[in-house]
Amino acid sequence: MTQHVLAIDQGTTSTRAMIFDHAGSVVAVGQLEHEQILPRAGWVEHDPREIWDNTREVVGLALARANITRHDIAAVGITNQRETTVVWDRHTGQPVYNAIVWQDTRTQAIVDRLAADGGIDRFTADVGLPLSTYFAGTKIAWILDNVDGVRARAENGDLLFGTMDTWLLWNLTGGIRGGVHATDVTNASRTLFLDLTTLQWRQDILDVFGVPAAMMPEVRSSSEVYGVVESSNLLREVPVAGILGDQQAATFGQAAFEAGGAKNTYGTGNFLIVNTGEEIVHSRNGLLTTLAYRLGNEAPRYALEGSIAVTGSLIQWLRDNLGIIQTAAEVEELAATVADNGGAYFVPAFSGLFAPYWRSDARGALVGLTRFVNRGHIARAALEAIAYQTREVLDAVNADADVPLRELKVDGGASANELLLQFQADILGIPVIRPVVAETTALGAAYAAGLAVGYWSGLGELRGNWQEGRRWEPTMPEAERERLFRGWKKAVTRTFDWVDADVE
């Protein structure tokens, strides 16, 4: 049997290729960051061509570090930053504009126009999502409305839309020479256009947004052979057999396959997902209804999700914009120089507030400052902001759920920060558990691809791979927990109503 599966993890700040063995252990990694393009306040873009170039390079790095070739790879899986939007020419393969990133808020005017008839929940019953700048639909509409000549080309059938999984799949499988234009149900469910029941694009909603249906990729399952890698690539002839949006991939990698299974990923943002099985559950507390996964022709599985826009990227902001740390890893050491936050709270509403508020008018605030507050307190407040936002989302999950969560499985880059995870357990009042393989996003994509080609026999075998790495128990007295959280809630209200109607 071929010994490995390769996952391409196309994230917000970097692209990785990770090679896994049959036990789900990491064999080798290649990783490259890409440029964060910030043309103006609230705008966030990536260059899709840079990301495609990096993808090819990191695949080569991973293969070289594992000392293997394509003949040792059974399948390729893709996982990706989900709502980030690319529109490109099907004949030349060239993007018509930079990729508009999920954090970007430029489309608020489109949201307001569409919400004028029915409010932000105008389509929620059908697609599970409120109208928001977060999702891909408004980003496509913006490109069609604002890039010269693009609408006519789209209506003529010359342009294709995709989230990053679709962009990579199309290029991997041939691009202009017959590349496969498809996405999976998890990514499709982040566009505002997918009917949760039929798993097909809603023509009536596409028409409201002014998006030609010919641009849209085919909706496929999360685990099947979509095509094979084209001949000029190092992975030529290897099947591409798994696609999952990054948060669903992390849930899959945590082996949360059944209703009630949950995880929280600490990445650029934080994303808490709770599997609801075959039932579509609509939140009463600000959560999203989304697809968890679909394996081949099996019934789809659904989930509730709490999405937080800025967590890990706040640490990156401390590094790149303020310069108070040199590397992201230094934030834990700096935060540990103080015993508490010194009364300071940092609400990182850089892209507004996502779950459970959905306040696009909010902007970031650092409050409670006195002359006593120093760099250590600011670093600590930044880490605590990650935990407080997770508490708010978990409270919403518990309000929606029949049975409250008794423990929280965590993964992602910031889950390496032990000060953060102890504070997370303290502010939640429940245990926090990190698996042996904390980078479960890539692992989930590998699992989906390996299942499709028989590399793994089924979900039972994948459950057997999951292992607890470390557990953090809450130690904070309840009165202190609630006092700190009360201060956080007060700080959040200070960020509301910051953006006026005449501010672009």
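Author: Contact here means heavy atoms within 4.5 Å. The model is predicted. By that cut-off, Asp246, Ala249, Ala250, Phe252 and Gly253 in H9 meet Thr440, Thr441, Leu443, Gly444, Ala445, Tyr447, Ala448 and Leu451 in H14.

Reader: What makes up the contact of H9 with H14, by class?

Author: Eight nonpolar, four polar and one charged residues. Gly counts as polar, so Gly253 and Gly444 go with Thr440 and Thr441 in that class. Asp counts as charged, which puts Asp246 there.

Reader: Why are H9 and H14 called roughly perpendicular?

Author: Helix H9 (residues 246-253) and helix H14 (residues 440-452) pack at about 75 degrees. Their axes are 6 Å apart. Angles of 65 to 115 degrees count as roughly perpendicular. The value falls inside that range, so H9 and H14 earn the term.

Reader: What is the angle between H12 and H16, and why are they called roughly perpendicular?

Author: About 90 degrees, with the axes 11 Å apart. Again the range is 65 to 115, so H12 and H16 are roughly perpendicular to each other.

Reader: Which residues meet between H12 and H16?

Author: H12 brings Ala385, Tyr388, Gln389, Arg391, Glu392 and Asp395. H16 brings Arg481, Glu482, Leu484, Phe485, Trp488, Lys489 and Val492. By class, that contact has six nonpolar, one polar and six charged residues. Arg, Glu, Asp and Lys count as charged, so Arg391, Glu392, Asp395, Arg481, Glu482 and Lys489 belong to that class.

Reader: How many cavities of 30 Å³ or more does the structure hold?

Author: One. The largest cavity has about 90 Å³ of space. That value is over the 30 Å³ cut-off. Of its 13 lining residues, Ile308, Leu353, Phe354, Ala355 and Gln389 are the closest to its centre. The lining divides into ten nonpolar, two polar and one charged.

Reader: Which helices each supply at least two residues of that lining?

Author: Helix H12 (375-400) and helix H16 (478-493).

Reader: What is the strand order of the seven-strand sheet?

Author: E15-E16-E14-E13-E19-E20-E21, in an open sheet with mixed pairing. The twist averages 30 degrees from one strand to the next.

Reader: Why is one side of E15 and of E21 left without a neighbour in the sheet?

Author: Strand E15 (288-293) and strand E21 (468-472) stand at the edges, and each has a single partner strand, so one side has no neighbour.

Reader: How do you know that E13 and E14 pair?

Author: Two strands pair if there are at least two bridges between them. Strand E13 (residues 262-266) and strand E14 (residues 270-277) have five, in the antiparallel sense, so they pass. In one of these, Thr265 has Phe271 in E14 as its bridge partner.

Reader: Where does H12 lie on these strands?

Author: Across E13, E14, strand E16 (301-308) and strand E19 (408-411). It runs at about 20 degrees to E14. Angles under 35 degrees count as roughly parallel, so the term fits H12 and E14.

Reader: What is the order of the six-strand sheet?

Author: E3-E2-E1-E5-E12-E11, open and with mixed pairing. Strand E3 (26-33) and strand E11 (223-228) are at the edges with a single partner strand each, so one side of each lacks a neighbour. The twist averages 25 degrees from strand to strand.

Reader: What joins E11 to E12?

Author: Three bridges, with the strands antiparallel. At least two are needed, so E11 and E12 pair. Ser223 stands opposite Gly242 in E12.

Terms used
Residues are numbered from 1 along each chain as its sequence is written. This is a predicted model: local features need pLDDT of at least 70, side-chain atom pairs count only at pLDDT 80 or more; totals for chains, interfaces and linings use all residues. Side-chain values use heavy atoms; hydrogens and water are left out. Axes are lines fitted to C-alpha atoms, for helices over the stretch in contact, and angles run from 0 to 180 degrees between N-to-C directions. Helices (H or I, at least four residues) and strands (E, at least two) are DSSP runs, numbered from the N terminus. Angles under 35 degrees count as roughly parallel, over 145 as roughly antiparallel, 65 to 115 as roughly perpendicular and the rest as oblique. On a 1 Å grid over the protein atoms alone, a cavity is a set of points where a 1.4 Å probe fits but cannot get out, and a pocket is an open set with protein on both sides within 12 Å along at least five of seven lines; lining residues have an atom within 4 Å of a point. Grid points are joined across faces, edges and corners, and a volume is the space filled by probe spheres set on the points.
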